[in-house]
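This briefing is meant to be read alongside the sequence and the 3D view. Please look at both before going through the points, and return to them as each residue is named.

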Amino acid sequence: MFEVSDKPKMVERALLIGVHVIGQGADNVDNLLVELTDLVNTVEIGVMETMAITIRKPHSHFYIGKGKAYDIIEHAKAQGYDCIVFDDSLTPAQQRNWEKESGLCVIDRQEVILDIFASRAQTKEAVLQVGLARMVYSLPRLTRAWTHLSRQRGGGTKMRGQGETQLEADQRIVRDRIASLKRRLKIVRAQRGTQRKRRMKKPVPSAAIVGYTNVGKSSLLNIITGADILAEDKLFVTLDPTTRQVILPSGLKLLLTDTVGFVRKLPHNLVEAFKATLEEAVVADFLIHVLDISSPEVEKHGETTLEVLKELGADEKRILTVFNKIDACQDAFALQRLQAQFPDAEFISILNNDGIEQLVRRLDDLLETDSTFGEYLFPFDRYDLISQLHQAGCVKEEEAREEGVYINGFITPALRPKVDAYQLNGR
Ligand SMILES: Nc1nc2c(ncn2[C@@H]2O[C@H](COP(=O)(O)OP(=O)(O)OP(=O)(O)O)[C@@H](O)[C@H]2O)c(=O)[nH]1
Ligand SMILES: [Mg+2]
């Protein structure tokens with residue numbers, strides 16, 4: 001990885017391989033290959049051919065059987081491919097074996113995803129997080145012949161210590177980098193933590209928009225709050241959370257956060273590295289789970305999202321399920337079926353502004369169910385509380401009376417304990 005003299009070779013022509021292990025994995029290999037094609041195209045490698053193969057059990061050397069492996073190598077070389085991409089994860093040893101035997105660049109879905117994240121990362125925190133995930137991924141793979149896809153992964157040789165092999169020196173450098181990235185992340189995260197604390201001090205409830213990549217999460221935040229976040233027909237456009245406030249028709253306020261999208265087989269290192277970013281989902285009062293109904297794989301995508309949420313410890317939250325892109329849904333039967341299956345879900349098209357008003361009303365309902373209506377009388381010296389109620393958009397009516405300030409409205413759970421003592425009506 002750090003032999004800088006090796007100029008990065010560009011790989012251009014890939015053969016994609018999906019492996020079905022009999023009796024394992026409910027995912028359809030062909031569908032996964034379609035998705036892998038999108039992922040590989042995103043890193044600007046041409047997909048020449050996809051191949052689905054079935055094996056009885058994984059083998060340690062090549063993951064698939066040796067006979068099949070040599071057939072594939074021969075085929076790939078004959079066709080002039082320079083890269084083989086596996087949908088399944090290869091162990092560092094398997095990856096090395098493949099590269100040694102074939103002389104081609106052999107990678108897996110995880111590495112492709114890491115590469116996409118790296119190319120998308122813009123903010124300091126995202127760059128550090130992706131950098132960390134990549135370093136952790138490459139540490140056991142340092143002896144590979146190919147250590148990069150389209151981009152050079154930084155580096156630079158350091159002097160080898162006495163008695164140290166090149167590999168040991170490289171490993172030391174990567175470990176040092178991991179440590180340094182962790183240190184720098186800690187600083188950046190402390191800043192984010194301060195921002196979040198400041199936000200949480202405001203008694204405004206919050207919701208996080210979560211879901212598979214490219215389903216329309218950023219578009220939803222844009223249409224509801226009038227924000228101007230980049231929304232594109234590409235995978236993993238958003239890596240950093242953005243929070244905007246919206247005032248709902250009832251007057252209640254809600255903080256909405258757009259988050260990074262998920263994908264099947266998301267590298268564990270990435271989830272780990274993005275945990276701090278995804279914290280936004282964990283601390284939110286509820287989640288808005290967006291799905292793309294026009295995808296034939298919509299249900300699988302939903303399951304993936306719920307799995308990642310579970311890993312983050314956010315699966316117990318209340319979730320409002322939103323099926324987006326109904327304009328592009330070709331299959332009327334699927335729409336009906338999902339409507340029957342998810343009677344509490346919203347079905348919308350952001351593109352056609354269809355169902356958005358109803359969705360916003362649902363957000364209001366959700367907040368109002370949490371909030372309780374009450375009448376209060378505050379002494380004149382408790383303007384601090386009155387101001388917090390205003391900040392949260394709880395106040396329906398306010399009147400200065402002789403004995404204090406009368407207020408009624410829907411009070412959010414966060415504020416209730418603070419104002420309970422001033423409630424009228426026999427409390
Ligand atoms: N047909 C259709 N396309 C939509 C709709 N809503 C969003 N899109 C498109 O879907 C694509 C993805 O939208 P984004 O808002 O970027 O999706 P995202 O979930 O934020 O994606 P990532 O940040 O990449 O995970 C964009 O090209 C949008 O224009 C819709 O209702 N109908
Ligand atoms: Mg987005």
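In this predicted model, V85 is a good place to begin, since V85 touches A14, L16, L36, V40, I107, D108 and V112, once residues up to four places away in sequence are left out of the count. The points below then move to the core around such residues, the strands, the overall layout, the ligand and some individual residues.

**The nonpolar core**

- The largest nonpolar core holds 98 residues, and those that touch the most other members are A14, V40, C83, I84, V85 and I113.
- Helix α5, which covers residues 124-138, is the element that gives the most to this core, with 6 residues.

**Paired strands**

- Strand β1 (residues 13-21) and strand β2 (residues 46-55) run parallel, and 9 bridges join them.
- Strand β1 is also joined to strand β3 (residues 83-86), again in a parallel arrangement, through 4 bridges.
- L15 shows both pairings, for L15 stands opposite E49 in β2, while in β3 the bridge partner of L15 is I84.
- I84 is also one of the residues that touch the most other members of the largest nonpolar core.

**Overall layout and domains**

- The protein contains 14 helices and 13 strands, and its C-alpha atoms fill a box of roughly 90 × 60 × 35 Å, taken along the principal axes.
- Of the 427 residues in the protein, 37% are buried.
- Among the contacts with a separation of 6 or more, 71% are between residues that are 24 or more positions apart.
- The domain assignment divides the protein into domain 1 (1-201), domain 2 (202-368) and domain 3 (371-422).
- The centres of domain 2 and domain 3, taken over C-alpha atoms, are separated by 32 Å, and the contact between these two domains takes 11 residues from domain 2 and 10 residues from domain 3.
- On the side of domain 2 that touches domain 3, the residues divide into 6 nonpolar, 2 polar and 3 charged.

**Surroundings of ligand 1**

- There are 23 residues around ligand 1, and the ones that come nearest are S218, A231, D233, T238 and G261.
- What is the division of this shell into nonpolar, polar and charged residues? The shell around ligand 1 has 8 nonpolar, 10 polar and 5 charged residues.
- Helix α7, made of residues 217-225, gives the most to the shell around ligand 1, with 3 residues.

**Residues with a positive phi**

- Most residues other than glycine have a negative phi, and the next two residues can be read with that background in mind.
- Y63, in the loop between β2 and α2, is a residue other than glycine whose phi has a positive value, near 80°.
- Is Y63 buried or exposed? Y63 is buried, because 23 other C-beta atoms lie within 10 Å, and 20 or more are needed for a residue to count as buried.
- N353, in the loop between β10 (346-347) and α12 (356-370), is not a glycine either, and its phi is positive at about 50°.
- N353 counts as exposed, because it has 10 C-beta neighbours inside 10 Å, and a residue with 12 or fewer is placed in that class.

**Distances along the chain and in space**

- K234 lies in the loop between α7 and β6 (242-247) and counts as partly exposed, because it has 14 C-beta neighbours inside 10 Å.
- Although K234 and L39 are 195 residues apart in sequence, their separation in space is 9.3 Å, C-alpha to C-alpha.
- G67 is in helix α2 (residues 66-78), and G67 counts as exposed because it has 9 C-beta neighbours inside 10 Å.
- G67 and A284 are 217 residues apart along the chain, and their C-alpha atoms are separated by 52 Å.
- E397 belongs to strand β12 (residues 395-401), and E397 is classed as exposed because it has 9 C-beta neighbours inside 10 Å.
- E397 touches I407 and N408, not counting residues up to four places away in sequence, and the C-alpha atoms of E397 and N408 are separated by 5.3 Å, with their positions 11 residues apart along the chain.

Methods. Residues are numbered from 1 along each chain as its sequence is written. Chains are lettered from A and ligands numbered from 1 in the order in which they are written. This is a predicted model: local features need pLDDT of at least 70, side-chain atom pairs count only at pLDDT 80 or more; totals for chains, interfaces and linings use all residues. A residue is near a molecule or strand if its C-beta atom, placed from the backbone, lies within 6 Å of it. Helices (H or I, at least four residues) and strands (E, at least two) are DSSP runs, numbered from the N terminus. Ala, Val, Leu, Ile, Met, Phe, Trp, Tyr, Cys and Pro count as nonpolar, Asp, Glu, Lys and Arg as charged, and the others, Gly among them, as polar. A nonpolar core is a set of buried Ala, Val, Leu, Ile, Met, Phe, Trp, Tyr and Cys residues joined through C-beta atoms within 7 Å. Two residues are in contact if their C-beta atoms, placed from the backbone, lie within 7 Å. Domain bounds come from an automatic or database domain assignment. Two strands pair if DSSP finds at least two bridges between them.
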